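This report describes selected helices, their packing and a few individual residues. The sequence and coordinates are shown first.

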Amino acid sequence: MDIPAQGWTLSQAGSSDSRDAVIRFWLAAPMDQIQALWSGGFGEITRQLVNQLSPSFEFTPQQVNLRNALNQRIGSLGLTQPLAHQLLVALFLLSPPGLLKIANPEQQLPPWLVEAFKSLYDNNQQTMTVLGGPESVQQQPPLDSLPRPDFGAFPTSLAELVGNRIQLNRLLGLSNLYYIDPEDQEITQELVEMRRALAELIQAAPASDLERIWSTEFGDRYWALVRSGIQKEGLGQADQEIKEAATHQLSPSGGGFGSPTALNAFLIVMMYFMPGGMRVEAPEQKLPSWLLESYRQVFEQAQPTSV
């Protein structure tokens with residue numbers, strides 16, 4: 001256990017410098033006290049810190065890794081479990097509004113946490129009051145009339161994407177959201193479209209730039225997409241053509257792993273095959289060291305398909 005270099009106080013915890021300390025507090029708090037703590041000063045400070053976030057907020061690599069781990073743990077537990085409720089509160093501090101969504105929260109979360117989640121992440125879905133009869137009735141406006149986050153145009157190259165924090169966080173957010181709730185059709189469609197756009201950028205990228213690009217935060221976002229499970233979704237014609245072209249390029253008749261753009265094709269292929277759903281024969285001979293370990297972690301399980 002690490003001894004802290006300096007202390008912190010609740011009155012000063014509203015600064016981003018205290019974000020990690022507040023996260024550690026929630027993760028270490030007694031599970032049966034989370035609701036009571038949320039109702040007090042710790043809940044207020046947490047709400048302040050979440051409201052400081054935006055899609056362009058720059059998280060540290062450690063915070064990104066923790067967010068991935070929390071998403072995966074919550075996904076494995078299921079949102080109805082008390083421990084998942086505690087982890088979700090910690091996850092709030094790493095999730096900008098607009099990049100965290102829970103399908104049917106009323107059916108999966110306790111009432112106090114439903115209210116907390118909606119106050120932080122559904123506040124852009126304003127209600128309108130319709131007067132008529134003895135009391136007012138609250139009605140939600142149609143979904144297509146609600147404001148949506150403006151992420152701007154998608155970058156036209158990987159080099160441009162690496163410097164676009166809004167799109168990087170969007171990629172990570174969509175991947176994590178899909179991992180938690182693959183039944184959400186809106187998230188699914190958006191992630192499928194983003195994968196298609198990303199495949200086009202990877203295909204066009206200079207092979208000599210790939211190692212450098214994957215060593216940036218983009219690499220973490222890419223692997224979050226690969227691990228999300230989006231590969232199990234059915235493919236439209238455009239995605240089917242992308243998958244077939246990349247797979248063919250890696251076959252002997254297409255040039256195999258010795259072709260100049262083989263790594264581009266392989267990075268595309270991994271976005272279309274489920275983790276554990278393919279394997280590379282003698283990967284240590286075909287893949288560079290910067291890619292080999294991650295490939296093995298994700299795909300070297302039960303692999304019926306070879307490329």
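In this predicted model, helix α10 passes helix α13 in a left-handed crossing. The axes of α10 (residues 185–204) and α13 (residues 237–250) approach to within 11 Å, crossing at roughly 35 degrees. On the α10 side the contact is formed by Val192, Arg195, Arg196, Ala199 and Gln203, and on the α13 side by Ala238, Asp239, Ile242 and Gln249. By residue class, this contact comprises 4 nonpolar, 2 polar and 3 charged residues.

**Overall composition**

The protein contains 16 helices and 2 strands. Of its 307 residues, 44% count as buried. Among contacts with a sequence separation of 6 or more, 65% join residues 24 or more positions apart.

**Helices α10 and α4**

The end-to-end spans of two helices can be set against the value expected at 1.5 Å a residue.

| Helix | Residues in helix | Expected span | Distance between end C-alpha atoms |
|---|---|---|---|
| α10 | 20 residues | 28 Å | 29 Å |
| α4 | 17 residues | 24 Å | 24 Å |

For α10, the distance agrees with the expected span; the distance for α4 likewise agrees with its expectation.

The buried residues of α10 are Ile187, Thr188, Leu191, Val192, Met194, Arg195, Leu198, Ala199, Leu201 and Ile202. Val192, Arg195 and Ala199 also belong to the contact with α13. Besides α13, the elements that cover the buried residues of α10 include α8 (158–162), α9, α11 (210–214), α12 and α14.

In α4 (residues 61–77), the buried residues are Gln63, Val64, Arg67, Asn68, Leu70, Asn71 and Ile74. These residues lie on the same side of α4, because the arc they cover around the axis is only 160 degrees. In an α-helix, residues three or four places apart point the same way, since there are 3.6 residues a turn. The opposite face of α4, turned away from the buried side, bears the exposed residues Gln62 and Ser76. The packing partners of the buried residues are α1 (19–28), α5 (82–92), α9 (165–180) and α12 (217–228). Just beyond the helix, Gly78 adopts a positive phi of about 90 degrees.

**Individual residues**

Leu70 is located in α4. Its relative accessibility is 5%, so Leu70 counts as buried. With neighbours within four places in sequence left aside, the contacts of Leu70 are Leu27, Leu87, Ala90, Leu91 and Leu94. One of these partners, Leu87, is 17 residues from Leu70 in sequence, and their C-alpha atoms are 6.5 Å apart.

Which residues does Gly256 contact, leaving aside its neighbours within four places in sequence? They are Gln249, Leu250, Ser251 and Ala262. Gln249 also takes part in the contact between α10 and α13. Gly256 itself sits in the loop between α13 and α14 (262–269). A relative accessibility of 9% means that Gly256 counts as buried. Lys286 is 30 residues away from Gly256 in sequence, with a C-alpha to C-alpha distance of 9.5 Å.

Ala282 occupies the loop between α14 and α15 (283–286). Although not a glycine, Ala282 has a positive phi of about 50 degrees. Ala282 is partly exposed, its relative accessible area being 28%.

Methods. Residues numbered from 1 in each chain as written. Predicted model: local features only at pLDDT ≥ 70, side-chain atom pairs only at ≥ 80, totals over all residues. Heavy atoms only, no water. Axes fitted to C-alpha atoms, helices over the stretch in contact; angles between N-to-C directions. Helix = DSSP H or I, 4+ residues; strand = E, 2+ residues; numbered from the N terminus. Left-handed = near helix turned anticlockwise from the far one by under 90°. Contact = heavy atoms within 4.5 Å. Nonpolar A, V, L, I, M, F, W, Y, C, P; charged D, E, K, R; others polar. Expected span 1.5 Å × (residues − 1). Buried < 20%, exposed > 50% of the residue type's maximum accessible area, 1.4 Å probe, protein only. Arc of directions from axis to C-beta.
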